[in-house]
Amino acid sequence: MKKYINQGSKDTRSGFGAGMTELGQKNENVVALCADLIGSLKFDDFKKNHPERFFQIGIAEANMIGIAAGLTIGGKIPFTGTFANFSTGRVYDQIRQSVAYSDKNVKICASHAGLTLGEDGATHQILEDIGLMKMLPGMTVINTCDYNQTKAATIALADHHGPAYLRFGRPVVPNFMPADEPFVIGKAIMLNEGTDVTIIATGHLVWEALVAAEALEAKGISAEVINIHTIKPLDEEAILKSVKKTGCVVTAEEHNIIGGLGESVSRTLIQNHLVPQEFVAVNDSFGESGTPDQLMEKYGLNSAAIVEKAEKVIKRK
C-alpha cells in the first residue's frame, strides 16, 4: 500500500492556523502579529484563546516586522502573518536590517504565495519571495506542501532559534503527508524511490511530482521523488545520494525559475556531482488573473510538465 495518498484536500493556510492554535496552548512565549488579515491567515482561534498574545497591527507590515523584532528581546517568539507579497517584497528592508542582520528570532509566515493565489492577479502573486529570503544570511526558508506538513512546520519553528520564513498558500490542495510524519528542518523526505530520474519538488508541486511519478511508471520509467520542504538550509546529502543513483534531475516549484529551489539544486550539483537538470518553474515572468488550475496549466506547473521534463532530461544522460 502506498504511504502518500490523498487523505482529503485542505488548504495549507489552515494547517498554519492549526499549528498556531497548538502552539498557543503549549508555549506561552509564542505571540502572533497580523496585518489586518486574521481570517485569511487563520489566526481566529489563536486570537480567541490568547487575546493577550495577539497583536492586530493593521495595514502596516513594516511596523509589524519592527514590532516582532522588538518582542524577541523580551524572550517572545513572534509569528507574523500576512500575504507572501506583503511579507517579503513590501518589507524587505525591515526584514534585512531588523531581523536577519540582527539575528532576531522572528518567524515570518506568508500565505497566498505563488500563482495559486489565483484571481487576485500578478500584483499579488509573488514569485520571487523564495529568492529574496534565501539570499538573507542566516534566514531559514521553508515551503510546505500540504495541510499536515504546514501544521508540523509551524510547530517546529517555535523550537528553532533564528529568523525563518514559512511559505504556504490559499487553495485547497491534496493532503497526503501523514499527520505523524516527523518535520525536521533542513531534512528532505523521500516519497518514492526510483532509479531512472530524480524529481525534487517543493510546495504545491510535490503532489504533482507524485502524480508524475505514477505516469512515468506506466511508461516504464522509475522516478525517485523527494520532498524538499526546507530550501535553506538545503539537504544536499539527500540530493547528491539520489542523483548519483539516477544520473539526472528535474526540479519543480511554484516560483520564478530565477532564484528558487532549482538554482539552489544547480549550485549543489555544480560543486559536487554534475548531472543534467531540467526545471519546472515560472519562466521569468509575472503571473495573471485566473483560477489556480488554469494558471498552473498555462505556466507549466503540473504533473504533465514534470513528465515532459523527466523524459527530456533522461535523454540528456
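Start by selecting helix H4 (residues 61-73) and helix H6 (residues 92-100), whose axes lie 9 Å apart and make an angle of about 5°. H4 and H6 are therefore roughly parallel to each other, since an angle under 35 degrees counts as such. Keep in mind throughout that this is a predicted model.

Show the side chains between these two helices. On the H4 side the residues in contact are Ala62, Ile65 and Ala69, and they meet Gln94, Ile95, Ser98 and Val99 of H6. Sorted by class, this contact has 5 nonpolar and 2 polar residues, with no charged ones.

**The seven-stranded sheet**

Next, colour the strands S3, S2, S4, S5, S7, S6 and S12. In that order these 7 strands form an open sheet with mixed pairing. At its edges are strand S3 (54-56) and S12, each of which pairs on one side only. From neighbour to neighbour, the strands of this sheet are turned by 20° on average, direction ignored.

Strands of a sheet pair through backbone hydrogen bonds, either parallel or antiparallel. For a parallel example, select strand S4 (residues 77-83) and strand S5 (residues 107-111), which are joined by 5 bridges. Which residue in S5 is the bridge partner of Phe83? The partner is Ser111.

Now go to strand S2 (30-34) and follow the chain into the loop that leads to helix H2 (38-41); Asp36 lies in this loop. Most residues other than glycine have a negative phi, and most peptide bonds are trans. Asp36 is not a glycine, yet its phi is positive, at about 65°.

A second backbone feature is found by selecting Lys232 and Pro233. The peptide bond between them is cis, with omega near 0°. Pro233 sits in the loop between strand S12 (230-232) and helix H10 (236-246).

**An annotated span**

Select residues 10-175. An unreviewed UniProt entry annotates this stretch as "domain: Transketolase-like pyrimidine-binding". The C-alpha atoms at the two ends of the span lie 6 Å apart. Helix makes up 42% of the span and strand 19%.

Then pick out helix H1 (residues 12-26) and helix H8 (residues 147-158). These helices pack with their axes 7 Å apart, at an angle of about 35°, and their crossing is right-handed. From H1, the contact involves Thr12, Ser14, Gly15, Phe16, Ala18, Gly19, Met20, Glu22, Leu23 and Lys26; from H8, it involves Tyr147, Thr150, Lys151, Thr154, Ile155 and Ala158. The contact of H1 with H8 has 7 nonpolar, 6 polar and 3 charged residues.

**The five-stranded sheet**

Move on to strands S9, S11, S10, S13 and S14. These 5 strands form an open sheet in that order, and the pairing is mixed. Strand S9 (189-192) and strand S14 (277-282) are the edge strands, each pairing on one side only. The twist from one strand to the next averages 25°.

Look at the S9 edge. S9 pairs with strand S11 (residues 223-227) over 3 bridges, in the antiparallel sense. Which residue in S11 stands opposite Asn192? Val225 does. Helix H13 packs on this sheet, where it touches strand S10 (197-201), strand S13 (249-256) and S14. The direction of H13 makes about 155° with that of S14.

**The last helix pair**

Finish with helix H9 (residues 205-218) and helix H13 (residues 303-315). Their axes come within 8 Å and cross at roughly 55°. That angle makes H9 oblique to H13. The crossing of H9 and H13 is right-handed.

To see the contact, display Leu205, Glu208, Ala209, Val211, Ala212, Ala215 and Leu216 in H9. They meet Ser303, Ile306, Val307, Ala310 and Glu311 in H13. By class, the contact between H9 and H13 has 9 nonpolar, 1 polar and 2 charged residues.

How values were computed. Residues are numbered from 1 along each chain as its sequence is written. This is a predicted model: local features need pLDDT of at least 70, side-chain atom pairs count only at pLDDT 80 or more; totals for chains, interfaces and linings use all residues. Side-chain values use heavy atoms; hydrogens and water are left out. Axes are lines fitted to C-alpha atoms, for helices over the stretch in contact, and angles run from 0 to 180 degrees between N-to-C directions. Helices (H or I, at least four residues) and strands (E, at least two) are DSSP runs, numbered from the N terminus. Angles under 35 degrees count as roughly parallel, over 145 as roughly antiparallel, 65 to 115 as roughly perpendicular and the rest as oblique. A crossing is left-handed if the near helix is turned anticlockwise from the far one by less than a right angle, and right-handed if clockwise. Contact means heavy atoms within 4.5 Å. Ala, Val, Leu, Ile, Met, Phe, Trp, Tyr, Cys and Pro count as nonpolar, Asp, Glu, Lys and Arg as charged, and the others, Gly among them, as polar. Two strands pair if DSSP finds at least two bridges between them. UniProt positions are given in the numbering used here, feature names are shortened, and annotations may be inferred rather than shown by experiment.
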